[in-house]
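Trainee: I have a model open and would like to learn how to read its features. Where should we begin?

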Amino acid sequence: MTLLGTGIGWRPEIADAVERMPGIDWVEAVAENLCPGHLPESLLRLRERGVTVVPHGVSLGLGDADRPAPERLTALAERAEALGAPLVTEHIAFVRAGGPLTATPRLEAGHLLPVPRTRDALDVLCENVRIAQESLPVPLAVENIAALIAWPGEEMTEGQFLYELADRTGVRLLIDVANLHTNHVNRGEDPAKALAELPLEAIAYVHVAGGFERDGVWHDSHAHPVPRPVLEILTDLTSRVAPPGVLLERDENFPEPAELERELAAIRESVEAGARQRGAQDQGASAPEAAATGTAGESERPAVAGDAARQRLGVTQAALLSALVAGTPVPEGFDRVRLGVQARALAAKRADVVAKLAPELPLILGTGYRAAFVAYAQGHPMRGGYRQDALDFAERLLLGGQLAEGRTRRELRRWWLDRSGPAPRPLSRLGRVGQVGRSLIGR
């Protein structure tokens with residue numbers, strides 16, 4: 001297993017600072033933000049210095065009811081090869097649902113959503129992981145995610161689910177201690193119990209990140225300082241095992257480099273505190289405990305998930321995602337209040353990402369941009385990625401009558417026409433296209 005050391009998530013906004021930071025052994029970069037033939041100069045310089053770069057995928061959808069798309073696997077493999085990475089990582093999550101499998105509209109979450117901890121979901125996930133492993137040139141590690149919502153009728157704890165996944169596939173685990181804290185606050189799950197049930201020997205590395213609490217809900221923002229409870233979970237983990245690597249994630253609201261260095265120092269101190277505790281204990285005591293709580297005999301379950309299992313999972317995921325992004329009724333057994341929180345969080349995230357990819361929209365619409373986009377997002381699913389989402393939002397405003405004739409409408413119409421393709425449609429056709437879109441959404 002590759003020894004990584006202490007690392008930080010590489011982002012363009014802090015690229016220069018990361019290059020100058022002392023004690024950075026490796027970095028992780030979001031795979032979808034990289035072009036294999038045109039890697040950022042900063043990453044190339046880091047690689048020349050011997051700094052390991054690991055691509056971290058966010059859109060593969062290993063927890064989807066459908067099998068992973070070959071083109072997504074190819075793209076991830078190309079990035080691993082371009083970076084000379086020792087491994088690649090993804091998430092235990094579903095990100096899209098619907099389509100031919102369930103005869104329902106195809107929906108995109110634009111976010112990592114939890115899979116139910118059921119036998120069906122585990123069978124599907126195991127097969128999807130095996131497909132990915134066969135397609136990638138380096139080992140795969142998968143990450144536990146943070147969740148605002150819990151599935152009804154779950155059959156396993158998170159630790160048991162991860163144990164069986166690793167046991168049946170040999171996949172490595174990327175353990176996010178911030179996500180364990182999130183699930184403790186939001187779903188009442190005990191981080192220590194999860195750690196006790198994990199196959200610790202399968203850990204590839206560890207994520208550490210910050211968040212914030214609002215109205216009793218913890219939001220895994222990656223835009224706030226790492227809180228003390230997350231560092232305490234890190235110490236608990238490192239008291240049980242020496243992870244090959246630990247990495248600080250920060251995606252937004254970047255502080256001064258000195259603050260990031262202080263967070264890295266706190267992470268190192270937490271790791272060292274855990275190591276001291278581990279040294280004082282009987283070596284190897286945690287490994288039998290983890291094995292005893294797992295169900296290794298399940299490794300003999302079928303290697304291929306049946307179509308019936310995929311369809312059952314697909315129906316439940318499509319119903320949940322439709323409630324979150326299309327305003328359909330909440331599926332039975334889910335917490336309606338918590339589902340509303342998740343739906344608003346998804347809409348807010350879409351607004352933020354679209355504002356980054358299409359910064360002209362907030363400039364054109366001014367202070368009304370965010371409210372208008374969130375209102376749009378809560379009833380209109382994303383149908384083709386965030387760039388298409390920006391176009392669809394603008395089209396909806398132009399067709400919906402929310403904008404009176406004037407400068408704002410003229411600028412928005414010009415922006416839309418400039419970006420709608422090599423042969424922009426006249427506004428008279430927009431009406432017909434919009435009617436088709438409305439009829440499809442209503443099905």
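Mentor: With cavities: a cavity is a set of grid points where a 1.4 Å probe fits but cannot get out. Keep in mind that this is a predicted model.

Trainee: How many cavities of 30 Å³ or more does the structure hold?

Mentor: There are 3 of them. The largest has a volume of about 120 Å³, and the second largest has about 50 Å³.

Trainee: Which elements give two or more residues to the lining of the largest cavity?

Mentor: These are α5 (158–169) and α6 (177–187). Helix α5 gives the largest share, 3 residues. The lining residues include Glu158, Phe161, Leu162, Asn183 and Arg187, and among the others are Ile92, Pro114 and Asn144.

Trainee: How does that lining divide by class?

Mentor: It has 7 nonpolar, 2 polar and 3 charged residues. For the second largest cavity the lining has 3 nonpolar, 4 polar and 4 charged residues.

Trainee: Which elements supply at least two residues of the lining of the second largest cavity?

Mentor: Strand β5 (94–99) and helix α11 (307–325) each do so. The largest share, 3 residues, comes from β5. Among the lining residues are Asp64, Arg96, Ala97, Gly98, Gly314 and Gln317.

Trainee: Next, strands. What should I look for in the side chains?

Mentor: In a regular strand, side chains alternate between the two faces of the sheet. Take strand β4 (residues 88–91): Val88 and Glu90 point one way, while Thr89 and His91 point the other way.

Trainee: Are these four residues of β4 buried or exposed?

Mentor: Val88, Thr89, Glu90 and His91 are all buried.

Trainee: Which strand is joined to β4, and by how many bridges?

Mentor: Strand β7 (residues 140–143) is joined to β4 by 4 bridges, and the two run parallel. One of the positions to check is His91, whose bridge partner in β7 is Glu143.

Trainee: Now a single residue. Where is Ser59 found?

Mentor: Ser59 lies in the loop between β3 (52–56) and α3 (70–83).

Trainee: Why does Ser59 count as buried?

Mentor: The cut-off for buried is under 20% relative accessible area. Ser59 counts as buried because its relative accessibility is 19%.

Trainee: What does Ser59 touch, not counting residues up to four places away in sequence?

Mentor: Ser59 touches Glu32, Arg72, Glu90, Val95 and Arg96. With Arg72 there is also a side-chain polar contact of 3.4 Å. Two of these partners have come up before: Glu90 belongs to the buried residues of β4, and Arg96 helps line the second largest cavity.

Conventions. Residues numbered from 1 in each chain as written. Predicted model: local features only at pLDDT ≥ 70, side-chain atom pairs only at ≥ 80, totals over all residues. Heavy atoms only, no water. Buried < 20%, exposed > 50% of the residue type's maximum accessible area, 1.4 Å probe, protein only. Pairing = 2+ DSSP bridges. 1 Å grid on protein atoms, 1.4 Å probe; cavity = no way out; pocket = protein on both sides within 12 Å on 5 of 7 lines; lining within 4 Å. Points joined across faces, edges and corners; volume = space filled by probe spheres on them. Nonpolar A, V, L, I, M, F, W, Y, C, P; charged D, E, K, R; others polar. Polar contact = N/O pair within 3.5 Å; in protein donor to acceptor, adjacent residues only side chain to side chain. Contact = heavy atoms within 4.5 Å.
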